[in-house]
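User: I am new to this structure and would like a close look at one part of it, with the terms explained as they come up. Which elements surround that part, and how does it compare with other places in the chain?

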Amino acid sequence: MAFVQFSQVSLAFGDRDILKNVTINLQTGSKVALTGANGAGKSTLIKVLAGLVPPDSGSRAVQKECRIAYLPQSGLTHHGCTLREEADKAFEFGYEMQKRIDEIGEQLERGEGNTDNLVMQQSELIQKLEDSGWHRRDAAAESVLLGLGFSRSDFERDTAEFSGGWQMRIALAKALMQGPDILLLDEPTNYLDIEARSWLEQFLQNFKGGFLLVSHDRYFLDVTINEVYELFNGDLKRYPGNFSHYEKVREVELKTLIAAYEQQQEEINKLEDFIRRFGYKATKAAQAQEYMKKLEKMERIEIPESLKKIHFSFPPAPHSGRLVMRLKDITKSYDGKFNVLDKLELTLENGERLVVAGRNGAGKSTLLRIIAGQDSAFTGEVVPGAGVQIGYFSQDNAETIRGKETILDYLEARAPLELIPKLRDMLGAFLFRGDDVYKSLDVLSGGEKSRIALLQLLLSPVNLLVLDEPTNHLDIHSKDVLLTALRDFGGTVIFVSHDRGFIEQLATRVLELKPGQFKNYPGNYEFYMEQLAKLETQEGGESLPPASAGKPSSAAPSPKGDTPLKSPADAALSWEEQKRLDAERRKIEKEVARLEAKITELEEKKSEFENKLADPAVYSNGEKAKAVQREINELAAQIDETTLAWEAAAEKLN
């Protein structure tokens, strides 16, 4: 069983203890989440596990030949080769093993060395190579790349052409393709859409090795891990169960600590208030000095940020009518040939929380820009309701935040008077704590500016919020604060998010976009996923039509102001066509599965003959060795032929 572990490990940066006598053991089958406040040292701990950062004390042990793959949060780029060639670098371990197998074969031919030892080494290497799946590396690479959102047309593109987010997807793909014994993933979901996250969830659920990951996606953690390690003030503690279970246990566990924390905070506030008021008065100066010493000597109680109860409300939403917005025949093309949005119809009613779903490139951000009035290059009509005031957030908002003023000054100048006393708490909820609020705008990172832009929007009195990926750059606690505020918001929300847990708790309706197509699903996100699952599993007969094609299913929640998005005739035609395509796709999928099984069978036979060739009774007999080699060559040819057929079938699935 592969493992990596360390015992009583300590590490300090200056006078700050990052790790204090920490012990952890990862092995085959481990499914671990690492949690802790921002800045607690999670990334550092992962680097120590990966062997990239040496500890100050303690021991790190790794089983011999245990292969570890590590993915950092960001910063990886690739260039100088195609995506396919870059992916193939993940299989370097196999090329090294094959090289050693060939070298041993040459030694045996020359009669060098201890024959028995060499044959044993070669046999072990052949078996390891076979078990690693290296011989099916092309199929494995395609599966992972497609699962993470790349298209086959991307395979021959130069890696330098991909943006930063896609560069990290390449790095993630390579980590997964290595087939390591231990996976260390630092926020792997940061740059993934929902489809890629869902694929990664399935991959990790089926992963045979062990993994440790950091993520701010509660749903993703709940469906992939079965134990949590919390890093808090340099100490590491294990909690069995999924992430939601950990949160419940931890909150109960810390009830007493929270009560003590709140009592101490009250005392600190009183002492500081006294010092501020009387520190310069001669009659009270001695007492103020005494209180200052008391504060300095006080051992401060700390609790995880996730357990500090921070809540804020939006400014009251200005009144608007029942009809918030109507979109008529919205059509948008970037090249004049293909319509990203094609005659889209949408009616928004007051109080709705509409999520726009769909793969990358389906037009989600485009639609939000049109609704927000940021894009006028389209045909069709956008009709806002009476009194509608729009607040729009996208990652681009961060580009407008610059200057020498501090974060606190910047927001105080833009906040309603009644919210100014709450700004420090609100900034804390958005990961600006302590002296961070005094940072100059010009020194902030893109992620920090994005959080400021989101918070600035939430301070504005609007009644229609248009939010494009508002949860990016937020941790779980910050998402919870934002979620509570949005659920209490008195206006209407239309949003895009890749965080499934966030969507499930906020959305009341789903608009699904596909390139040039759209479907409306009345009901929450769970209902939407149920409908997709039904469509995918139906094998024929009467099928459930899309919710937008007619009346919703009797089991579905009743629509709120639902308007059919296309005529019933058009929808029926497209549905019949979809049924035909689905049936054809299922036939191809069966053929792909059959060919994959055949390839596996042929490779197993080839492996058996390769093992025979390593038998002294065979390789020492020239005729027997030639006969076995002929069988190997014939099987290799069959594998190549079947692989070509598999590739052709897999190409049809695209």
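**Helix 15 and its surroundings**

Analyst: The buried residues of helix 15 are covered by elements that include strand 14 (390–393), helix 13 (407–412), helix 14 (423–429), strand 15 (464–468) and helix 16 (476–488), where contact means heavy atoms within 4.5 Å. This is a predicted model, in which local features need pLDDT of at least 70 and side-chain atom pairs count only at pLDDT 80 or more, while totals for chains, interfaces and linings use all residues. Residues are numbered from 1 along each chain as its sequence is written, and side-chain values use heavy atoms, without hydrogens or water. Helices (H or I, at least four residues) and strands (E, at least two) are DSSP runs, numbered from the N terminus.

Helix 15 is largely enclosed by the rest of the structure, because eleven of its 13 residues are buried (under 20% relative accessible area, with exposed over 50% and partly exposed in between; 1.4 Å probe, protein chains only). The buried residues run from Gly 447, Glu 448, Lys 449, Ser 450 and Arg 451 through Ile 452, Ala 453, Leu 454 and Leu 455 to Leu 457 and Leu 458, so that residues such as Glu 448, Lys 449 and Arg 451 are listed as buried beside Leu 454 and Leu 455. One of them, Arg 451, has its charged end over the ring of Phe 432, 4.7 Å from the ring centre (CZ of Arg or NZ of Lys within 6 Å of the centre and within 35 degrees of the ring normal). As for length, helix 15 covers residues 446–458 and its end C-alpha atoms lie 19 Å apart, which agrees with the 18 Å that its 13 residues should span at 1.5 Å a residue (the expected span being 1.5 Å times one less than the number of residues).

Another helix can be set beside this one: helix 10 (residues 255–278) has 24 residues and reaches 35 Å from its first C-alpha to its last, close to the 34 Å expected. In helix 10 the buried residues are Ile 258, Tyr 261, Gln 264, Ile 268, Leu 271, Phe 274, Ile 275 and Phe 278, and what covers them includes helix 11 (285–297).

Among the strands, strand 18 (residues 517–522) is also mostly covered, with five of its six residues buried. Strand 18 runs antiparallel to strand 17 (residues 509–514) and is joined to it by six bridges (strands pair if DSSP finds at least two bridges between them), one partnership being that of Lys 514 with Gln 517 in strand 18. Two residues lie between these strands in their hairpin, where Gly 516 takes a positive phi near 75°.

A second hairpin is made by strand 8 and strand 9, again with two residues between the strands, and Asn 233 in its turn has a positive phi of about 55°. Strand 8 (residues 227–232) and strand 9 (residues 235–240) pair in the antiparallel sense over six bridges, with Val 228 opposite Tyr 239 in strand 9.

Elsewhere, an open sheet of three strands has the order 11-10-13 with antiparallel pairing, and its edge strands, strand 11 (339–349) and strand 13 (379–384), each pair on one side only. Seven bridges link strand 10 (residues 323–333) with strand 11 in the antiparallel sense, and Ser 333 stands opposite Asn 339 in strand 11.
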